[in-house]
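Reader: I am new to this structure and would like a close look at a single part of it. Could you take me through one helix, its surroundings and the aromatic rings that go with it?

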Amino acid sequence: MPPSSAQNGRTATAAKPRRRRGEGQWALGYREPLNKNEENKKNDDGLHVRDRIINIYSKRGFDSIDPADLRGRFRWFGLYTQRAPGIDGGKTAVLEPEELDDRYFMLRVRIDGGQLSVAQLRAVAGISRDFGRDTADITDRQNVQYHWIRVEDVPEIWERLESVGLSTTEACGDTPRVILGCPLAGVAEDEVLDATPEVFQVYEDHIGSPLYSNLPRKFKSSISGCSVYCTNHEINDIAFVGVRNEAGEAGYDLFVGGGLSTNPMFAQRLGTFVRPDRVSEVWAGVCAIFRDYGYRRLRTRARIKFLIKDWGAEKFRQVLEEKYLGYALPDGPAPVLDQGLRRDHVGVHRQRDGRFYVGFAPKVGRVSGTSLDRIADIAEAHGSDRVRTTADQKLVILDIEGDRVESITAALEAEGFQVHPSTFRRQTMACTGIEFCKLAIVETKDRAATLIDELEKRLPDFTDPLTINVNGCPNSCARIQVADIGLKGQLVMNDRGEQVEGYQIHLGGGMGLDAAFGKKIRGLKSTAKELPDYVERVLRRFQDQKKDGESFAVWVGRAADDDLK
């Protein structure tokens, strides 16, 4: 045995406790910025960039834009520079931001609750055609996203949007982003309650307020009374989920701290019952906790999910009630989740008033200004003034009389929008990908569309629910960890030893009753070229081996690894 300190003539001393490094929490006195992003936000609130865009940058052009605005504060109004053409995925993490920047922008229009009138949809469509080279994507946050936007055109775009009650305010940035809501709010036969008033109360009270315009990072919200949980409360920073308490009163259960990216976490229930008239102030309290206690030192830990993971739900609720609300919230019930429900609202279904809604599927959310205008025409011609976006890159038209359902279905499908799509078209999503995104490593939209076409040919009788989510990088904008088949873009080696575009594969993820993150099997990757072959192979094995009523995710959980390759 080695001699002790006493045997060596030295007195043993207790080790000094290591001082924990500050996380940049304002409430604990860490007000000095600890990274460049925090410094930029301290120097000037992102909300102030609007005036500079209108009065300076739109008049003097791209080269006049301050870099701190260009790659920072522009996001507070939904603007990101898009990826310059011709830069392959191997250079994504190598080049400096200014080397990746194009002179054009992506612009995100926030559509809170997914709610659009025909006039609003026409305005969105017109902007796409006039300023965005006819580009438009329906995102999985219910937004519409343009590309090819010039800074010179932004003021006119804002004028057009604001004339119909839309905006891009805090569509991006370290802010409270769009508030998700059920597209069937107020019309669904089986909803717990219509959350529309709460969605717009939070919007009116808090969006664009300097109280919440400097958060540690983005803050994603959902408020919904939907009985199939279409806003995916499990993965939002804050989610109000419709429930009924023991007295039969409709209100909300409160979840905090969900999020995916490279450290996926499901939201935690606080166990409270929030009455509708309390939603706005409770939302503000949770957002303020994030602002004051959120970790600002490292961007990789600057989401509220890390705070609640460290604190736990009990402490978070205590701080919320004692320091931010000044009253205790009553306990409440959890939502009752069902297994295997599709959350996208695709198809024809009866509304509570006897009319029908018609949900339909653009291919991986990709549309155009021209096609959105046609959708507006079709809705109006069939007596509807209400079009909705979903959190699964789909669209819904409300208020169709029963004798006009067949006609509107035919009109939509003539434009390429399927009301009764295959599983593959219905449940495949894709992020923006390398075509426009500076973070992406591989192409996504076209590849996912091609995958859909191939699977429809190869497996025409496949009808099981199955989500296939395609992402261009590890950040999970397309929710790869909670998909049955999640495809994370990366560069891989082909059989000739060449580095090519491909995907790491996650299998068996999902939300709802069997919420789980997809598992990664060692070495399971596919080149982009081989992807249709791989997906076909694993789905045929599923069909051969599944038990009665068994879902793909459950089968993945018990299947041998060799059957998943």
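Author: What follows looks at helix α8 and its partners, and then turns to other aromatic rings and another pair of helices for comparison. Please keep in mind that this is a predicted model.

Helix α8 covers residues 279–293, and one of its neighbours is helix α10, which is made up of residues 313–325. The axes of α8 and α10 come within 10 Å and cross at roughly 105 degrees, and angles of 65 to 115 degrees count as roughly perpendicular, so the two helices are roughly perpendicular to each other. On the side of α8, the contact is made by Glu-281, Val-282, Gly-285, Val-286, Ala-288, Ile-289, Asp-292 and Tyr-293, while α10 contributes Phe-316, Val-319, Leu-320, Lys-323, Tyr-324 and Leu-325. Sorted by character, the residues of this contact comprise 10 nonpolar, 1 polar and 3 charged.

Helix α8 also takes part in an aromatic pair, one of the 19 aromatic pairs counted in the model. The ring centres of Phe-219 and Phe-290 lie 5.7 Å apart with their planes at 25 degrees, and so the pair is stacked. Because Phe-219 belongs to strand β7 (residues 219–224) and Phe-290 to α8, the pair ties together parts that are 71 residues apart in sequence. Both Phe-219 and Phe-290 are buried.

Another pair, Phe-552 and Trp-555, has its ring centres 5.7 Å apart and its planes at 50 degrees, so this pair is tilted. Phe-552 and Trp-555 are 3 residues apart in helix α16 (residues 552–558), which means that about one helical turn separates them. Phe-552 counts as buried at 1% relative accessibility, and Trp-555 is buried too, with a relative accessible area of 0%. Phe-552 and Trp-555 also belong to one aromatic cluster together with Phe-424, Phe-462 and Phe-542.

For a second example of helix packing, helix α5 (residues 118–131) and helix α11 (residues 369–381) pack at an angle of about 160 degrees, with their axes 7 Å apart. Angles over 145 degrees count as roughly antiparallel, and α5 and α11 are therefore roughly antiparallel to each other. The crossing in which α5 passes α11 is left-handed. Among the residues that meet there are Val-118, Leu-121 and Arg-122 in α5 and Gly-369, Thr-370 and Leu-372 in α11. The residues of this contact divide into 8 nonpolar, 3 polar and 5 charged.

Conventions:
Residues are numbered from 1 along each chain as its sequence is written. This is a predicted model: local features need pLDDT of at least 70, side-chain atom pairs count only at pLDDT 80 or more; totals for chains, interfaces and linings use all residues. Side-chain values use heavy atoms; hydrogens and water are left out. Axes are lines fitted to C-alpha atoms, for helices over the stretch in contact, and angles run from 0 to 180 degrees between N-to-C directions. Helices (H or I, at least four residues) and strands (E, at least two) are DSSP runs, numbered from the N terminus. Angles under 35 degrees count as roughly parallel, over 145 as roughly antiparallel, 65 to 115 as roughly perpendicular and the rest as oblique. A crossing is left-handed if the near helix is turned anticlockwise from the far one by less than a right angle, and right-handed if clockwise. Contact means heavy atoms within 4.5 Å. Ala, Val, Leu, Ile, Met, Phe, Trp, Tyr, Cys and Pro count as nonpolar, Asp, Glu, Lys and Arg as charged, and the others, Gly among them, as polar. Rings of Phe, Tyr and Trp (its six-membered ring) pair if their centres lie within 6.5 Å; planes under 30 degrees apart count as stacked, over 60 as edge-to-face and the rest as tilted. Buried means under 20% relative accessible area, exposed over 50%, partly exposed in between (1.4 Å probe, protein chains only).
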